[in-house]
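The following exercises ask the reader to trace elements of a protein model and to reason from their surroundings. Each task is followed by a worked solution.

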Amino acid sequence: MAIQDIFKTRAQSENWDLHDAGLKQQNETIEADVIIVGTGAGGGVTAEVLSQAGLKVVMIEEGGLYTSDNFNMDELEATANMYQESGGRSTKDGAISIFQGRTVGGTTVINWTSSFRTPPQTLDFWQKEFGIEDASQQQMAPYFEQMEQRLNVSKWAMPPNANNDTLKQGCEKQGWSWGVIPRNVAGCWDLGYCGTGCPTNAKQSMLVTTVPEALKNGASLYYRCSAHKLHFSEHKVDAVECRALKADGQTPTGITLTFKAPTIVLSGGAINNPGLLLRSQAPDPHGRIGKRTTIHPVNASLASMAHDVNGFYGAPQSIYSDHFQWQDRDGIGYKLEVPPLQPALSSQILGFHGLDLSEQMADLPNMQVVIALLRDGFHEGSQGGTVELDDGGKPILDYPITDYLWQGLKHAHYTMAEAQFAAGAKQVMPLHHDAGYAKTMAECRKMIDALPMEKHRERIMTAHLMGGCAMGGDERQSVVDNNAKFYQADNLYVIDGSVFPTSIGANPQLSIYAMALKQAKKLAQSLTSA
């Protein structure tokens with residue numbers, strides 16, 4: 001069955017206004033009612049809401065426009081084209097790998113579709129500790145319900161693949177709670193290659209939902225257009241200065257596009273938003289820009305199973321366990337999930353090189369991996385990292401691993417190994433450069449106890465970037481107020497996951513959608529009633 005590429009079929013019939021900035025031959029100035037920087041979970045929802053309200057919206061995206069006709073399940077091609085720094089983004093010291101999207105639709109195009117509501121414990125913490133208003137579970141429910149309906153979010157109805165089923169079996173045999181993951185898909189073919197862009201348009205990313213709707217409503221889209229600087233004057237932003245990028249998505253063409261509007265919205269994510277503000281020398285009297293950037297630090301455990309797992313097929317994530325997430329015990333909480341196991345991604349997760357990597361990858365069909373996502377930002381021992389600029393003006397994340405986090409990573413290794421052995425693993429290896437396979441839990445526990453918990457030895461990664469422009473009721477501790485308005489400018493708003501003052505404790509996309517919907521509706525009302 002042929003899959004229609006909506007950026008070819010609808011673009012022409014609905015007269016979409018699309019611009020590849022890399023093809024521009026001269027400098028231009030573009031004006032609109034609202035400029036939105038970024039087209040991911042925050043920017044896509046905001047563009048749809050504001051364009052529906054009759055406002056002239058311009059969307060700016062530094063990544064390229066890649067659509068279903070480009071999605072051929074080639075990991076290397078997708079990573080090079082659609083991931084930040086071609087998949088090479090990491091923390092300042094290189095100790096934590098960062099997987100983040102850079103394409104029209106943002107990370108929603110390459111995520112694994114897990115769609116959780118913000119846990120009520122997180123919402124309660126935000127209200128109590130940061131003065132975030134109207135964010136109780138009951139007050140947020142209508143926004144979650146609307147976005148769940150908009151993006152077809154529901155619990156995965158198919159049986160889990162063997163990779164996910166191993167986690168389920170391990171939890172059941174250990175007596176731990178587990179659940180089925182809600183996913184934002186419609187007519188999913190169960191291919192398993194969500195991380196390379198959905199070739200069937202089943203994933204309800206911003207690429208196939210809100211961005212097209214905004215374009216239908218008359219919005220414009222400029223891609224390969226990198227926001228370089230905000231021009232501030234008299235407590236407001238006058239313009240967004242952007243650099244056009246060549247087809248490689250990295251090299252400036254030398255053309256400058258200047259965007260002007262009475263209202264500017266930043267939706268570039270938890271590293272790029274603070275980076276743009278810092279590069280623009282935005283007023284920051286309390287030094288809060290870039291602070292409290294949280295990441296859900298992730299470590300992993302590898303199991304060799306006696307049967308085929310083939311973790312490269314099927315819905316990437318369908319089973320989770322929050323058994324250790326909110327327990328009343330010392331130490332950080334964490335969520336258990338599994339990652340997809342396509343060859344390139346698996347080799348990155350394993351972290352080995354040369355012959356060691358070849359030997360491990362030979363067992364790929366029998367390989368099973370569990371990951372633990374640590375809930376950072378809730379304890380004095382995990383206050384998140386800081387976004388700063390390198391010598392070239394590029395944003396980088398300095399993220400400290402405290403003793404509190406190291407203890408959490410170690411405890412997570414015990415838990416993951418226990419689940420895998422309980423599910424029948426022949427042998428288990430904590431993913432750490434000094435670890436090997438253990439054939440019993442006692443042997444594995446002894447190995448974990450002896451491992452040096454150090455950066456560049458422990459394998460750590462993340463795909464969840466939050467914070468850096470934290471929301472709150474006290475401007476001395478926050479970057480934006482309860483309406484998502486930048487405290488130091490009257491016409492600048494930040495609407496995406498960068499406003500979260502802590503991590504979520506769950507995959508964050510649905511939290512971003514719901515919070516963006518809430519803030520965009522308020523902004524639309526204020527702009528159209530003025």
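Contact here means heavy atoms within 4.5 Å. The model is predicted.

**Exercise 1.** Determine whether helix α8 is largely enclosed or open, and identify what covers its buried residues.

*Solution.* Step 1: locate the helix, which spans residues 272-279. Step 2: apply the cut-off, by which a buried residue has under 20% relative accessible area. Step 3: list the residues that satisfy it, namely Asn 272, Asn 273, Pro 274, Gly 275, Leu 276 and Leu 277. Step 4: conclude that, because six of the eight residues are buried, α8 is largely enclosed by the rest of the structure. Step 5: name the cover, which includes β10 (225-233), β13 (263-266), β18 (386-389), β19 (395-398) and β22 (492-494). Just after the helix, Gln 281 takes a positive phi of about 50 degrees.

**Exercise 2.** Establish the strand order of the open six-stranded sheet and find its edge strands.

*Solution.* Step 1: read the order as β1-β9-β4-β3-β13-β22, with parallel pairing. Step 2: β1 (17-20) and β22 each pair on one side only, and these are the edge strands. Step 3: from one strand to the next, the twist averages 15 degrees. Step 4: examine one pair: β4 (residues 57-61) and β9 (residues 220-223) run parallel and are joined by four bridges. Glu 61 stands opposite Tyr 223 of β9.

**Exercise 3.** Describe how helix α2 is placed against the strands.

*Solution.* Step 1: α2 comprises residues 41-52 and lies across β3 (34-37), β4 and β13. Step 2: its direction makes an angle of about 165 degrees with β3.

How values were computed
Residues numbered from 1 in each chain as written. Predicted model: local features only at pLDDT ≥ 70, side-chain atom pairs only at ≥ 80, totals over all residues. Heavy atoms only, no water. Buried < 20%, exposed > 50% of the residue type's maximum accessible area, 1.4 Å probe, protein only. Helix = DSSP H or I, 4+ residues; strand = E, 2+ residues; numbered from the N terminus. Pairing = 2+ DSSP bridges. Axes fitted to C-alpha atoms, helices over the stretch in contact; angles between N-to-C directions.
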